[in-house]
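Trainee: I should like to examine one part of this protein closely. Please take the structure below as the basis for the discussion.

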Amino acid sequence: MKLHEYQSKTIFSKYGIPIPKGRVAATPQEAREIAKELGGKVVIKAQVLVGGRGKAGGVKVANDPAEAEELAMQILGMSIKGLPVRKVLVDEASNIDQEIYFSITNDRAAKKPVMIASAAGGVDIEEVAAKTPEKIVKMHIDPIIGLKEYTARDVALAMGLPKQYMKDFTKIALGLWEVFKATDATLAEINPLVITKEKKMIALDGKMLLDDSALFRQVELEATRDTDEDAPAEIEARKYGLSFIKLDGNIGCMVNGAGLAMTSMDVIKLFGGEPANFLDIGGGADSKKVAAAMRIILTDPNVKAVLFNIFGGITRCDEVAKGILVAMDEVKPKVPMVVRLVGTNAEEGRKLLENANMITAETLADAAKKAVAAAKG
Ligand code: GDP
Ligand code: MN
């Protein structure tokens, strides 16, 4: 799950990381009010869950409340990488002297968290990483010992941070480590972490990704999820505990097991088709879950055929068949459906579907070929 900049920075602040004063606005008038409260220059920042807002024109400095209103109106009318801007953050503007990159993420290969830092931070960090990788410092954190001051200091030295900022940086690094642990983050990033002309170190931007598998113990954070930007089908899928990702093809797929779902998509492609989605109904899905999955697939207007590929291990094929029948009754699908049921109670399942006017298949290859042909009409 992604957090917005303003949410990330609020958490940073709780852990002692300095952030600019500011608040979120949903209207240009509100932005003006906040600018008035803050006094002086402010920066208006689009709150969308993608990077590169600055380059897309979603971050602008305003000199006074009237300009803040004007710029907020512009930015609130924008879409950035397809996402409509519904909120802006109005922050006290900073006089930037230097932009630093600093983040903590997991290094899966090393099985340890890693700090990534660079004195050449800012909007071009990807380019820095690609062209001058020597400017990027990486240092692991021992998950048992945790982050110690001396390791944070090593990072500062390695990136050539002036000595006078050692203390500020160490405090911020230790703070970010606490944030990372406390929120079950997979990424906690500050870019830029700035040194201002007034010689202060402040987190100007914040980005956080939380581990979806840990959300059960991050109840408060999960409640702040911004579903505005998720496809409605994905929200619906989450409600039923289905793993669903919408794709651009025209063959809807309903499969149990992530590996089998991937394989089904591969085989569809092998026979010249394009999957409309990835969907894993999971092990032991009951008819309700299956019906929900089917509603989700069939509400996609691109779907011209549906392939059911169910391996009944823990999942019972008759339960899946019941779910299909319930959903068919409800949604009245007009597209052809190809079904392959194998395993536990497959025979019972097939019997239930006999009168449902479905195309049956014995093997996955057979099912995929039939689905591809059916989608072509
Ligand atoms: P991003 O493009 O989505 O990463 O958004 P950022 O919050 O990182 O802002 C992009 C860039 O805008 C920063 O790297 C800064 O150069 C600039 N910027 C952001 N806030 C301020 C500010 O308060 N003052 C000034 N002068 N520039 C800012
Ligand atoms: Mn940034």
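Trainee: In which helix do Trp-177 and Phe-180 both lie, and how many residues apart are they?

Mentor: Both residues belong to helix 6, where Trp-177 and Phe-180 are three residues apart, about one turn of the helix. Please bear in mind that this is a predicted model. The structure holds two aromatic pairs. One of them joins Phe-102 to Phe-169 in an edge-to-face arrangement, with 5.1 Å from centre to centre and 75° between the planes. This pair links distant parts of the chain, since Phe-102 sits in strand 8 (residues 96-107) and Phe-169 in helix 6 (residues 166-182), 67 residues apart. Phe-102 and Phe-169 are buried. Trp-177 and Phe-180 also form an aromatic pair, but a stacked one, with 6.0 Å centre to centre and 20° between the planes. The pair counts as stacked because planes under 30 degrees apart are classed in that way. Trp-177 and Phe-180 are both buried.

For the wider setting, the protein is divided into domain 1 (21-92), domain 2 (96-222) and domain 3 (232-376). The centres of domain 1 and domain 3, taken over C-alpha atoms, are 44 Å apart.

The surface offers a further feature. Ile-144, Ile-145 and Tyr-150 form a nonpolar patch there, with about 390 Å² of accessible area together. Ile-145 is located in the loop between strand 10 (137-140) and helix 5 (149-158). With a relative accessible area of 48%, Ile-145 is partly exposed.

Conventions. Residues numbered from 1 in each chain as written. Chains lettered and ligands numbered in written order. Predicted model: local features only at pLDDT ≥ 70, side-chain atom pairs only at ≥ 80, totals over all residues. Heavy atoms only, no water. Domains from an automatic or database assignment. Phe/Tyr/Trp six-rings, centres within 6.5 Å; stacked < 30°, edge-to-face > 60°. Helix = DSSP H or I, 4+ residues; strand = E, 2+ residues; numbered from the N terminus. Buried < 20%, exposed > 50% of the residue type's maximum accessible area, 1.4 Å probe, protein only. Patch = residues over 30% accessible without salt bridge, like charges linked within 9 Å, V, L, I, M, F, W, Y side chains within 5 Å. Areas by Shrake-Rupley, 256 points an atom, 1.4 Å probe, with all protein chains shown as cover. Salt bridge = Lys/Arg side-chain N within 4 Å of Asp/Glu carboxyl O.
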